[in-house]
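Work through the exercises below with the model open beside you. Try each task before reading its solution.

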Amino acid sequence: MTADLIKLSWPLERLGEALEALGRSSKLSLGSTHIAHLPHGLDANDEEALGGWITANANLLNLEAQTVFASYAELEKVIRGIGPALIRIRAGKDVRFVALLAAGWRHALLLDPSLRKCKLPARIICSALRE
């Protein structure tokens, strides 16, 4: 995974902020101060617990959360077709999240932890997902 993608991604501890900021920046939600804090000790590899937390908090923001699965061969097509979306990536042993606002044929528009909109080649996200 590239250093650029790590800098542009959100740590697990800030997942609630990422969800809220993604909703506001995409103009799908006005945001809320009622986002639940991540449960202490939440295992980012526990897909059921993490997905449940994301779904519950997305509902608080009047957003829809949906798990998307794709084969490696389909990644580029899926990345270009989704957004806004939170994409879980692995950086070594850490789990991080990319806040994807939109993606086109070549570039993805991301929201970084400082709330800046940044362009990155979509293939970099796909490569990180294949690691």
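Helices (H or I, at least four residues) and strands (E, at least two) are DSSP runs, numbered from the N terminus. This is a predicted model: local features need pLDDT of at least 70, side-chain atom pairs count only at pLDDT 80 or more, and totals for chains, interfaces and linings use all residues. Residues are numbered from 1 along each chain as its sequence is written, and side-chain values use heavy atoms, with hydrogens and water left out.

**Exercise 1. Lay out the fold**

Task: list the elements of the protein chain from the N terminus on.

Solution. Start with the count: five helices and five strands. Then read the order, which is α-β-α-α-α-β-β-β-β-α.

**Exercise 2. Check the overall dimensions**

Task: compare the radius of gyration of the protein chain with that of a compact globule.

Solution. The radius is taken over C-alpha atoms, and the globule rule is 2.2 Å times the number of residues to the power 0.38. For 131 residues the rule gives a value near 14 Å. The protein chain has 14 Å, so the two agree. Next, look at the box. Along the principal axes, the C-alpha atoms fill roughly 35 × 30 × 25 Å. Finish with contacts (heavy atoms within 4.5 Å). Of those between residues at least 6 apart in sequence, 56% join residues at least 24 apart.

**Exercise 3. Place Ser9**

Task: decide whether Ser9 is buried or exposed, and find what its side chain meets.

Solution. Locate Ser9 in the loop between α1 (3–8) and β1 (10–11). Apply the cut-offs: buried means under 20% relative accessible area, exposed over 50%, partly exposed in between (1.4 Å probe, protein chains only). Ser9 has a relative accessible area of 0%, so it is buried. For the whole protein chain, buried residues make up 40% of the 131. Now list the contacts of Ser9, leaving aside neighbours within four places in sequence: Ile89, Arg96, Phe97, Val98 and Pro113. With Arg96, the Ser9 side chain makes a side-chain polar contact of 2.6 Å. Such a contact is a pair of N or O atoms within 3.5 Å; within protein, one must be able to donate a hydrogen and the other to accept it, and residues adjacent in sequence count only if both atoms are side-chain atoms.

**Exercise 4. Place Arg80**

Task: which residues is Arg80 in contact with, leaving aside its neighbours within four places in sequence?

Solution. Find Arg80 in helix α4 (residues 75–81). Its relative accessible area is 26%, so Arg80 is partly exposed. Its contacts are Ala103, Gly104 and Trp105. Then check Arg106. Arg80 and Arg106 are 26 residues apart in sequence, with 8.6 Å between their C-alpha atoms.
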